[in-house]
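Welcome! Here is a short briefing to help you find your way around this model.

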Amino acid sequence: MCGTCGCEETRAHPETVSMEQRVLAKNDHLAEHNRNWLRGREILAVNLMSSPGSGKTTLLERAIADLRHEVPLAVIEGDQATPVDADRIHATGCVAIQVNTGAGCHLDAGMLAGALEALDPRPGSVVFVENVGNLVCPALFDLGEDHRAVVMSVTEGADKPLKYPHMFRTADVVLLNKVDLLPYVDFDPGRFSRQLSQVNPVAEVLAVSATRGDGMATWYSWLRARQQVFAERVAR
Ligand code: MG
Ligand code: ZN
């Protein structure tokens, strides 16, 4: 838990709880501001969350190559340090901005507000927010996004949904990445599905390989459907 002692026993630390509640309340207020900002411009924002190395940036590189002529895209890259991921996105020709959080371990709504102002995505865009690689606290911080996608690679093991329930509970869709590696790793898809349905019975699971291309069309269909629902809601 960010900004706290990390202790699970919240009753023993009332001052910590109230500080954390204040931080989250301020964040939620800014997230609502972001949501209105995005809706006013008919921009669909998708928050991509995962542990480090799950393949978020590779997934985005491929999606950009496949979708860029269909819809305007923009990317906000969150990492503790370096512009490496934003450089990779820039190399595809897509607009992108890097947010470095320093010692911070997640993006918050204030950081997203600054990034949106600076990036100024075209109305009607899809904005992908690649959060800091971390399966814990990014789940707590509403950014004002419309959807949350959790990316998990088969190399991470099937036991992650029960170990990181807050992250998996918050997902609208789970992209199970690197399925091209299934023959080489000890990953039990049935166990993963059972664990996920315990914490989140409604999240869709899409099996993909960002490097080989498997399942990417189903991810694009998911995005198109979400964009259609979003456009209808904004038009009302
Ligand atoms: Mg990345
Ligand atoms: Zn954090």
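## A first look

By the rule used here, the count comes to one cavity of 30 Å³ or more. On a 1 Å grid over the protein atoms alone, a cavity is a set of points where a 1.4 Å probe fits but cannot get out, a pocket is an open set with protein on both sides within 12 Å along at least five of seven lines, and lining residues have an atom within 4 Å of a point. This is a predicted model, in which local features need pLDDT of at least 70 and side-chain atom pairs count only at pLDDT 80 or more, while totals for chains, interfaces and linings use all residues. Residues are numbered from 1 along each chain as its sequence is written, chains are lettered from A and ligands numbered from 1 in the order in which they are written, and side-chain values use heavy atoms, with hydrogens and water left out.

**Cavity and pocket**

- Rolling a probe the size of a water molecule over the atoms shows where empty space is left.
- The largest cavity holds about 70 Å³ of space, where a volume is the space filled by probe spheres set on the grid points, which are joined across faces, edges and corners.
- Its lining is made up of Leu 67, Glu 70, Val 71, Leu 73, Val 126, Phe 128, Tyr 220, Leu 223, Arg 224 and Gln 227.
- Strand S4 (126-130) and helix H8 (216-235) each supply at least two residues of that lining, and H8 gives the most, with four residues.
- Helices (H or I, at least four residues) and strands (E, at least two) are DSSP runs, numbered from the N terminus.
- By type, the lining of the largest cavity has seven nonpolar, one polar and two charged residues; Ala, Val, Leu, Ile, Met, Phe, Trp, Tyr, Cys and Pro count as nonpolar, Asp, Glu, Lys and Arg as charged, and the others, Gly among them, as polar.
- The second largest pocket has a volume of about 230 Å³.
- Of the 14 residues that line the second largest pocket, Pro 72, Leu 73, Cys 94, Val 95 and Arg 122 lie nearest its centre.
- The lining of the second largest pocket divides into nine nonpolar, two polar and three charged residues.

**The magnesium site**

- Thr 57 (OG1), Asp 85 (OD) and Glu 130 (OE) are the protein donors of the magnesium ion (ligand 1), at 2.0 to 2.1 Å from it.
- Donors are N, O and S atoms within 2.8 Å of the metal (3.2 Å for Na, K and Ca); water is not among the atoms, so sites may look incomplete.
- Along the chain, the donors of the magnesium ion follow the spacing T-x27-D-x44-E.
- Asp 85 lies in helix H3 (residues 84-91) and Glu 130 in strand S4, so the pair ties together parts that are 45 residues apart in sequence.
- Asp 85 is buried, with a relative accessible area of 10%, and Glu 130 is buried too, at 3%.
- Buried means under 20% relative accessible area, exposed over 50%, and partly exposed in between (1.4 Å probe, protein chains only).

**Two helices with a buried side**

- H8 has 20 residues and reaches 29 Å from its first C-alpha to its last, close to the 28 Å expected at 1.5 Å a residue; the expected span is 1.5 Å times one less than the number of residues.
- The buried residues of H8 are Met 216, Trp 219, Tyr 220, Trp 222, Leu 223 and Phe 230.
- These buried residues cover an arc of only 155 degrees around the axis, which puts them on the same side of H8; the arc is that of the directions from the helix axis to the C-beta atoms.
- Exposed residues Ala 217, Gln 228 and Ala 235 sit on the face of H8 turned away from its buried side.
- Helix H2 (residues 56-67) has twelve residues and reaches 16 Å from its first C-alpha to its last, close to the 16 Å expected at 1.5 Å a residue.
- In H2, the buried residues are Lys 56, Thr 57, Leu 59, Leu 60, Ala 63, Ile 64 and Leu 67.
- The buried residues of H2 cover an arc of only 150 degrees around the axis, which puts them on the same side of the helix.

**Residues in the loops**

- Most residues other than glycine have a negative phi.
- Thr 82 has a positive phi, near 75 degrees, and its place is in the loop between strand S2 (73-79) and H3.
- Asp 120 also has a positive phi, near 45 degrees, and lies in the loop between helix H4 (109-119) and S4.
- Glu 145, in the loop between S4 and strand S5 (147-153), is buried, with a relative accessible area of 6%.
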